[in-house]
Amino acid sequence: MASFQICASYPQTITRSSFQHSLLIDTGVATNPEMTFAVIHERDDVGRVREVLLSEGRVKTSVSSRKPSQGTHALRSSYLVDLATKMFLPAGYPNTVLNALQAFCNSLASLLSSRATLQGFGVGNPDATPTQAMLLSVLQDACGRLATILSALVIGSSLYPEAKTYRLLADVLNDTAVVIDTLSPILIPFPVLRIGSLCVSAVFKALCGISAGGSKAAITLHFATPLSGKGDVGDLNAKDASKETVLALFGMLLGTLIVPYLKTSFATYTAMCILIGLHLGINYLGVRGLVLRSLNRARLAMAWLSYRQSDNVPTPSQIAKLERIFDQSGMIRHPRTGHALGKCTIGSSVAKVLREPIPQDVLNLFAQDRFIIWFDHRCLHRKDTPKVVELRGFIRLHIFLKEGYSAEDQLRAWVYAVEICNIILNRKPGELEALAVLREACDNLSTRQKEFLDKMQAAGWNVTDSAILAGSPSAVITEVSVDDRAEEKKAR
């Protein structure tokens with residue numbers, strides 16, 4: 001007697017007689033006792049499960065999750081749902097869905113600002129000319145393009161490491177531009193202020209485009225590589241654009257019905273405040289709920305400090321709850337209290353930063369590493385003995401990278417800096433000798449860094465694709481030459 005077990009959904013062995021009986025009762029398919037049967041279960045990219053019945057000369061497909069009582073109307077509804085799912089939901093749903101509800105509120109607010117902008121260009125003013133409107137539009141466009149070029153130069157390298165920050169910042173800039181456009185008709189009696197406000201609005205919109213585009217690329221890459229399932233970057237971008245287009249279209253259609261009734265300034269500004277509040281609120285919740293697995297400076301610092309306190313590595317979702325959206329660059333904070341422990345700059349230039357020489361012992365300590373860590377002159381205090389350097393005040397660190405540094409070196413250097421702040425946190429003011437702190441941090445890293453990285457990877461973190469350094473360093477150290485004879489002369 002033949003038996004088949006083709007998928008994991010059927011853990012038990014199915015005999016021909018029992019399988020034939022289930023077909024007669026559940027599906028009503030007439031079978032021949034001499035035939036050989038098989039059943040295949042499959043699940044598509046949106047989670048729908050199908051059951052395929054195979055017999056000699058015949059294939060019957062059914063959706064296993066559908067109840068037998070569902071009729072033709074349910075089948076049509078299911079077909080429409082499947083069509084909408086394929087049209088708007090990317091492969092890997094629900095793990096790869098971006099929040100696009102903000103597009104609905106943004107489209108409504110944009111209609112109000114567009115109406116005000118047209119008034120600022122002179123629509124409805126008999127004294128205005130098309131030439132004046134054209135020149136004003138050219139000036140506004142020129143300001144926006146210049147802002148795009150400069151912003152790409154200044155913040156372009158920070159968009160990937162700080163994707164959550166710049167994603168929310170883009171919405172703040174966009175809404176600020178919308179508010180300025182909406183208020184521009186008030187400035188019609190003041191031509192200089194009106195032209196200036198429209199140019200400032202164009203600059204904010206350009207900054208929004210750079211911030212949103214760069215940060216969205218990092219977030220899209222995150223959703224395209226989920227822990228469970230499989231995503232597709234191209235499919236995700238296409239479906240996300242479809243969702244936002246549909247929501248924006250609904251917002252525009254609804255706006256055409258609502259905007260004509262907003263004739264007074266009070267009604268316009270009230271509606272604007274409500275829409276902007278909803279827009280920023282939805283985006284804030286979306287950014288706060290975004291759980292990134294890549295390591296930037298803030299996430300790595302909190303993970304290492306949590307590990308040093310409890311020997312347990314926090315998951316990406318736990319760090320996401322503690323992560324600050326807006327914070328100073330390079331700030332190292334306590335993961336629970338949020339207290340600032342210190343500040344570190346990676347990729348500093350020795351020639352621009354140093355006010356006092358680095359001790360030779362420090363150079364020897366980092367001789368085998370592709371980086372050097374030393375304190376800023378503002379937190380150093382030399383005693384009577386030149387070699388004894390104490391730490392005072394707020395801790396500021398600099399990481400000088402050596403030529404040939406890698407992503408692993410950046411990660412190790414930043415963990416080193418965080419461990420220095422952790423050591424200083426647990427010391428009394430009289431026990432803060434700079435070189436001793438560096439040596440203790442080096443010993444702690446040599447014994448615990450491998451275990452830390454292994455636990456991080458097991459917790460779901462992406463330790464191979466870290467984003468510690470934003471852009472290129474100010475300078476790299478190509479060679480360190482130490483004159484041992486100079487130290488001998490000092491000793492004599």
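**Figure 1. A salt bridge within helix α14 joins Lys-455 and Glu-451.** In this predicted model, the closest N and O atoms of Lys-455 and Glu-451 are 3.3 Å apart. How far apart are Lys-455 and Glu-451 in helix α14? They are four residues apart, so about one helical turn separates them. Lys-455 is partly exposed, with a relative accessible area of 28%. Glu-451 is also partly exposed, and its relative accessible area is 36%. Side chains of opposite charge can pair when their charged atoms come close.

**Figure 2. Arg-299 forms a salt bridge with Glu-323.** Here the closest N and O atoms lie 2.6 Å apart. Look for Arg-299 in helix α9, and for Glu-323 in the loop between α10 (316-322) and β6 (331-333). The pair therefore ties together parts that are 24 residues apart in sequence. Are these two residues buried or exposed? Both Arg-299 and Glu-323 are buried. If you add Lys-164 to the view, you can follow a network of salt bridges that links Lys-164, Arg-299 and Glu-323. Across the structure, the count comes to 14 salt bridges.

**Figure 3. Asp-409 forms a salt bridge with Arg-370.** The closest N and O atoms of this pair are 3.4 Å apart. Asp-409 belongs to helix α13, while Arg-370 lies in the loop between α12 and β8, so the bridge ties together parts that are 39 residues apart in sequence. Now compare how the two partners are placed. Asp-409 has 11% relative accessibility and counts as buried, because buried means under 20%. Arg-370, with a relative accessible area of 42%, is partly exposed.

**Figure 4. Trp-304 and Phe-452 form an edge-to-face aromatic pair.** A pair of aromatic rings is described by the distance of the centres and the angle of the planes. For Trp-304 and Phe-452, the distance is 4.9 Å centre to centre, and the angle between the planes is 85°. Which helices hold the two rings? Trp-304 lies in helix α9 (residues 297-310) and Phe-452 in helix α14 (residues 434-458), so the pair ties together parts that are 148 residues apart in sequence. Trp-304 and Phe-452 are both buried. Tyr-307 joins the picture too: Trp-304, Tyr-307 and Phe-452 form one aromatic cluster. The structure holds seven aromatic pairs.

**Figure 5. Phe-366 and Tyr-416 form a tilted aromatic pair.** The ring centres are 5.2 Å apart and the planes meet at 45°, which is why the pair is called tilted. Phe-366 sits in the loop between α12 (360-365) and β8 (371-375), whereas Tyr-416 sits in helix α13 (residues 407-425). The pair therefore ties together parts that are 50 residues apart in sequence. Both Phe-366 and Tyr-416 are buried.

**Figure 6. The charged end of Arg-297 sits over the ring of Trp-414.** In this view, find the centre of the Trp-414 ring and then the charged end of Arg-297, which is 6.0 Å from that centre.

**Figure 7. Buried residues of helix α8 pack against α3 and α5.** Helix α8 runs over residues 265-288. How many ångströms should its 24 residues span? At 1.5 Å a residue the expected span is 34 Å, and the end C-alpha atoms are 34 Å apart, which agrees. The buried residues of α8 are Thr-268, Ala-271, Met-272, Leu-275, Ile-276, His-279, Asn-283 and Val-287. They pack against α3 (102-121) and α5 (163-183).

Key. Residues numbered from 1 in each chain as written. Predicted model: local features only at pLDDT ≥ 70, side-chain atom pairs only at ≥ 80, totals over all residues. Heavy atoms only, no water. Helix = DSSP H or I, 4+ residues; strand = E, 2+ residues; numbered from the N terminus. Expected span 1.5 Å × (residues − 1). Buried < 20%, exposed > 50% of the residue type's maximum accessible area, 1.4 Å probe, protein only. Contact = heavy atoms within 4.5 Å. Phe/Tyr/Trp six-rings, centres within 6.5 Å; stacked < 30°, edge-to-face > 60°. Lys NZ or Arg CZ within 6 Å of the ring centre and 35° of its normal. Salt bridge = Lys/Arg side-chain N within 4 Å of Asp/Glu carboxyl O.
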